[in-house]
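Me: I would like a close look at one part of this model, namely the helix that sits in its main nonpolar core, together with whatever surrounds that helix. Please take the answer slowly and connect the pieces as you go.

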Amino acid sequence: MTDTKWFSLGVKSTDKTLIFFILTIYHKIRKSYNILIIILSVDVTKSDYDVPKIEMDYYVTTPYKTKNTPHIMVGKDNETYFVKFNEKNNNRIGINELVCNLIGLKLELPLFEPIIAIISEELIKNNDQLKEFPEGEHFAQKYLEPFDTVATYMSQGRNLTEELIANVRHVPDFLIFDKFVENYDRHQGNICLLPSIALPNKVDYHLFDHDLAFQRDIVHNGSIKQIRQFQRQLEHVFFLVEGVTKRRLFDRISNKINFVKSDIPDIIKSIPSTWVTDNRDYINEIEEVLNDFTDRTVDSYLEFNKDKFPFYNK
């Protein structure tokens, strides 16, 4: 009689396919060689940055007629999504959006949960509004109603005051987050207002639209005029942050960012492999931008904008 050989195997993996593969091999080996493998523990863990992939079922509408505008679509799961398409042979829109959203959510900022939308060739062919885009994987976020941007809210004659914003004390988080990801495209059209769950009769700022992030050249090569123009846009959105009266609010988000920086490699790994091709150098640049952020970045930001912060000279 052939002796039975005993082996123990501890497995920890984020990949269920790997576990299935090990079990399959075990059964084949056991039949041939009478080897008994005992899997003592199987720990299938879920990463904080696992992004679900959902196939889109049909196109609904395109609410805005601007460059890189999101398209409203319904997925096979019957949920409604904002889908932001990559350009042909250029996946940087999806890369920027995904990285910024994962970072923002880790910082506990009010952003929307991202998904990867799978768009079929048939869906593209059947909708004239989509024919300029490639099939495949694209960035998307769940669509929530009622959805109003600051711009549309104010264009309807409604008065948007600081007292109406439930999360106005988190404005420093928004400002420093945009600085962290080098986003100089924050304006009334890409901040939306959703009813506050915590405070009825108030609304919360929610941030979206980060396809123009990581614009390091504006900082290193841009003129003061360009940067000032960006700051003037923020003034109209965040009311000169008059409610922000303490420096420690900026230190709070800075400390959070320094903690999240250790997660940057895992966030980068979440980028779909189909987007990584031909973009490795660009992704390396993104990592450099993120790792360049320090406490001195916040100091410089506040010094540059000290006329906007009541606490600065106190």
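Reply: What follows begins with the helix and its core, then turns to the aromatic pairs, the strands and the loops.

The model is a predicted one, and the part in question is helix H5, which covers residues 171–180. Ten of the ten residues of H5 are buried, so this helix is largely enclosed by the rest of the structure. The buried residues include not just nonpolar ones such as Val-171, Phe-174, Leu-175, Ile-176 and Phe-177, but also Asp-173, Asp-178 and Lys-179. In soluble globular proteins, nonpolar side chains tend to be buried together. After the helix comes Glu-182, whose phi is positive, near 50°.

Phe-177 links this helix to the largest nonpolar core, which holds 52 residues; Phe-177 belongs, with Val-99, Ile-103, Val-181, Phe-214 and Leu-290, to the members that touch the most other members. If the neighbours within four places in sequence are left aside, Phe-177 is in contact with Cys-100, Ile-103, Gly-104, Leu-107, Leu-109 and Leu-111, and also with Arg-186, Leu-207 and His-210. Apart from this core lies another, of 15 residues, among them Ile-54, Met-56, Phe-85 and Ile-119.

The last residue of the helix, Phe-180, takes part in an aromatic pair, and the count of such pairs in the model comes to four. A pair of aromatic rings is described by the distance of the centres and the angle of the planes. The rings of Phe-82 and Tyr-143 have centres 5.0 Å apart and planes at 85°, so that pair is edge-to-face. Phe-82 belongs to strand S5 (residues 80–84), whereas Tyr-143 is in the loop between strand S7 (136–142) and strand S8 (148–149), so the pair ties together parts that are 61 residues apart in sequence. With a relative accessibility of 8%, Phe-82 counts as buried. The pair that involves the helix is made by Phe-180 and Phe-293, whose ring centres are 5.2 Å apart and whose planes meet at 70°, so this pair is edge-to-face too. Phe-180 lies in H5 and Phe-293 in the loop between helix H11 (280–291) and helix H12 (295–304), so the contact ties together parts that are 113 residues apart in sequence. Phe-180 is buried, with a relative accessible area of 1%, and Phe-293 is buried as well, at 3%. In another arrangement that involves a ring, Arg-92 lies over the face of Tyr-282, at 4.0 Å from the ring centre.

Turning from the helix to the strands, S3, S4, S5, S7 and S6 run in that order around a closed barrel with mixed pairing. From one strand to the next, the twist in this barrel averages 55°. Strand S3 (residues 53–61) pairs with S6 in the parallel sense over three bridges, and within that pairing Ile-54 stands opposite Ala-117 in S6. On the other hand, S3 pairs with strand S4 (residues 71–75) in the antiparallel sense over four bridges, with Met-73 in S4 as the bridge partner of Tyr-59. Strand S6 (residues 114–119) pairs with S7 in the antiparallel sense over six bridges, and Ile-115 is placed opposite Ala-140 in S7.

An open sheet is formed by three strands in the order S8-S9-S10, with antiparallel pairing. Its edge strands are S8 and strand S10 (203–207), each of which pairs on one side only. Between S8 and strand S9 (residues 191–195) there are two bridges in the antiparallel sense, and Asp-148 stands opposite Leu-193 in S9.

Two loop residues complete the picture. Most residues other than glycine have a negative phi, and most peptide bonds are trans. Glu-108, although it is not a glycine, has a positive phi of about 65°; its place is in the loop between helix H2 (92–106) and S6, and at 64% relative accessibility Glu-108 counts as exposed. Asn-201 likewise has a positive phi, of about 70°, without being a glycine; this residue sits in the loop between S9 and S10 and, at 75% relative accessibility, counts as exposed.

Terms used: Residues are numbered from 1 along each chain as its sequence is written. This is a predicted model: local features need pLDDT of at least 70, side-chain atom pairs count only at pLDDT 80 or more; totals for chains, interfaces and linings use all residues. Side-chain values use heavy atoms; hydrogens and water are left out. A nonpolar core is a set of buried Ala, Val, Leu, Ile, Met, Phe, Trp, Tyr and Cys residues joined through side-chain atoms within 4.5 Å. Buried means under 20% relative accessible area, exposed over 50%, partly exposed in between (1.4 Å probe, protein chains only). Contact means heavy atoms within 4.5 Å. Rings of Phe, Tyr and Trp (its six-membered ring) pair if their centres lie within 6.5 Å; planes under 30 degrees apart count as stacked, over 60 as edge-to-face and the rest as tilted. A charge sits over a ring if NZ of Lys or CZ of Arg is within 6 Å of the ring centre and within 35 degrees of the ring normal. Two strands pair if DSSP finds at least two bridges between them. Axes are lines fitted to C-alpha atoms, for helices over the stretch in contact, and angles run from 0 to 180 degrees between N-to-C directions.
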